Amino acid sequence: MTEVIPRILVVEDEPQMQKFLRASLTSHGYRVVESATGGDGLMQAQTHNPDLVLLDLGLPDMDGLEVTKGLRAWTATPIIVISARGQEEDKIRALDEGADDYLTKPFSTGELMARIRVALRHAMRSGLERAEPVLEVGGLKMDLDKRQVFVEGAEVHLTPIEYKLLTVLMKNAGKVLTHRQLLKEVWGPAYATQTQYLRVYMVQLRHKLEREPARPRYLVTEPGIGYRLKTED
């Protein structure tokens, strides 16, 4: 059976970065489609239906955030934003608009490939119909039918809010989720700015799930942005 090689759309206008990304992706076996403008990137996405999009924010014709909105209007394809903008507000806005992850330039090939693997794996997992809805990340396991949670094989009892929060994180394992996204998903839109609720419950979850709560293996903080349930990558 022939293996399907993932196709990655690169929307980037800087020649040196284009060259770096092309070399990195092709050397790791990915097919590459390139675009230097946001408008063309949107057209290329519809034409080629890529498995993942690498998107710069500072494009010559339109802001990358507008490209993200345009893509999210019709596709759930993973989007990894790559940008020289390091401000927290830019990262938060990109993630809230639908991006799956964010890399600040400069970054290494190794880090880029790890983020791509996680994003593709998450997309594949989301597209599969599970006969038995069991989520597993490392030593964490959730049985959604029985509403049970296990850490290294031992059952852990969570409150309803802790369970709901962990479910959202597990279903999006490897993906950065902003404070706003988590608050809206777990508590509802009216609580989108109540970050203190989130902090309290993350502390409680870490004490129940992490071997060293002060040095979490799974429930990691993205400073100023939100949280990520970290996978092996």
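Let me start with a definition: contact here means heavy atoms within 4.5 Å. With that in hand, among contacts in the protein between residues at least 6 apart in sequence, 60% join residues at least 24 apart.

A word on the source, everyone: this is a predicted model, where local features need pLDDT of at least 70, side-chain atom pairs count only at pLDDT 80 or more, and totals for chains, interfaces and linings use all residues. Residues are numbered from 1 along each chain as its sequence is written, and side-chain values use heavy atoms, leaving out hydrogens and water.

Now the overall picture. We have 8 helices and 12 strands, taken as DSSP runs numbered from the N terminus (helices are H or I, at least four residues; strands are E, at least two). The radius of gyration is 18 Å, close to the 17 Å from the globule rule for 233 residues, so the protein is as compact as a globular protein of that length. That radius is taken over C-alpha atoms, and the rule is 2.2 Å times the number of residues to the power 0.38.

On to one sheet. This open sheet has 4 strands in the order β6-β7-β8-β9, with antiparallel pairing; two strands pair if DSSP finds at least two bridges between them. The edge strands, each pairing on one side only, are β6 (134-137) and β9 (154-156). Between β8 (residues 148-151) and β9 there are 3 bridges, and Val 151 stands opposite Ala 154 in β9.

What packs on this sheet, touching β7, β8 and β9? That is helix α8, residues 195-209.

Terms used
Axes fitted to C-alpha atoms, helices over the stretch in contact; angles between N-to-C directions.
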